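Reader: Could you take me through a structure step by step, with the reasoning behind each answer?

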Amino acid sequence: MNEASRRFLAELQTKLTTYFGGEEIETLAFLLGIDYDALRGGTKPTKVNSLIYDAARKGLLPDLLAEVRQQRGNVTWPDAPADLELPQSAAEAEAATIYQIGTLNTGGGAFVGGGISAGGDVNAGQKTVGGDEIKGSKYVMSGDFRGAVLNIESRLDNVVQSIGAMPAAAPDQKARLAELVGQLKAALGRAPEAQAADAVNLAKRLDALAQEVAGDAPDREYVAELGELLQRAAAKLSAVPGVGDLVAAIVELATSLLK
């Protein structure tokens, strides 16, 4: 990889990581038609790297740069060099990720700064978890939700797909809706165990509304009814911060697309 490409990729990665949150990176992938869940890595910097490389390989780098310039016009974004080269090896790919580490205590074990490949278990040493340990989906649940988490996630994933298919929505409206749904997902993750069923019902009603708005000939009256049902479901979760405001914003934006 040439030096100009290395500098460009490092600067783009650093600025994306600095100026965009995790949910916003997921939204960028959605707007580009890239499967966020398929991107390599479990941290934001590695997800950003993977997004950049995937976009470049698919010829979508100009679209990515245009989108970030539109969303963060106050940031000076680098121009891709004419002779852009992508990393040819895993070592080069990792070199573009920048980590700033203060004090690192491994407890006497090893620290691996690159990729890890293991055929069996990886022992990271002693691990202390003060609350719930969460693997995969970013939910912080206060109790045992059993199948509720997967149900909510599945429904909201369907909502995001429906948003992408909304014929009357402009790209910025789709991005805003996807962002709101991502924030709602995080908010529902803070619902108490006793309201698991209420959270699932809200996700189901939002899924139905999004599918209707994304249809070829959406019924305005039905959409209005779904919006009312959705806001009633949100009212039952009024004790969960953010749910009511997020649902109201989603309903308002979704219904405005039919005018």
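The questions below concern a predicted model, and they turn to a pair of helices and then to a pair of rings.

Reader: How are helix 8 and helix 9 oriented relative to each other, roughly parallel or roughly antiparallel?

Author: Helix 8 covers residues 196-213 and helix 9 covers residues 220-235, and the two pack with their axes 9 Å apart at an angle of about 160°. Angles over 145 degrees count as roughly antiparallel. Helix 8 is therefore, with respect to helix 9, roughly antiparallel.

Reader: Which class of residue, nonpolar, polar or charged, has 12 members in the contact of helix 8 with helix 9?

Author: Helix 8 contributes residues including Leu202, Leu206 and Leu209, while those from helix 9 include Val223, Leu226 and Leu230. Among the other residues in this contact are Arg205 and Glu212 of helix 8 and Gly227 of helix 9. Sorted by class, the contact has three charged residues and one polar residue, and the class with 12 is nonpolar.

Reader: What kind of aromatic pair do Phe20 and Trp77 form?

Author: The count of aromatic pairs comes to one. The rings of Phe20 and Trp77 lie 6.1 Å apart, centre to centre, with 55° between their planes. Planes under 30 degrees apart count as stacked and those over 60 as edge-to-face, so the rest, this pair included, count as tilted.

Reader: How many residues apart in sequence are the parts that this pair ties together?

Author: Phe20 is buried, with a relative accessible area of 1%, and Trp77 is also buried, at 7%. Phe20 sits in the loop between helix 1 and helix 2, whereas Trp77 sits in the loop between helix 4 and helix 5, so the parts tied together are separated in sequence by 57 residues.

Notes: Residues are numbered from 1 along each chain as its sequence is written. This is a predicted model: local features need pLDDT of at least 70, side-chain atom pairs count only at pLDDT 80 or more; totals for chains, interfaces and linings use all residues. Side-chain values use heavy atoms; hydrogens and water are left out. Axes are lines fitted to C-alpha atoms, for helices over the stretch in contact, and angles run from 0 to 180 degrees between N-to-C directions. Helices (H or I, at least four residues) and strands (E, at least two) are DSSP runs, numbered from the N terminus. Angles under 35 degrees count as roughly parallel, over 145 as roughly antiparallel, 65 to 115 as roughly perpendicular and the rest as oblique. Contact means heavy atoms within 4.5 Å. Ala, Val, Leu, Ile, Met, Phe, Trp, Tyr, Cys and Pro count as nonpolar, Asp, Glu, Lys and Arg as charged, and the others, Gly among them, as polar. Rings of Phe, Tyr and Trp (its six-membered ring) pair if their centres lie within 6.5 Å; planes under 30 degrees apart count as stacked, over 60 as edge-to-face and the rest as tilted. Buried means under 20% relative accessible area, exposed over 50%, partly exposed in between (1.4 Å probe, protein chains only).
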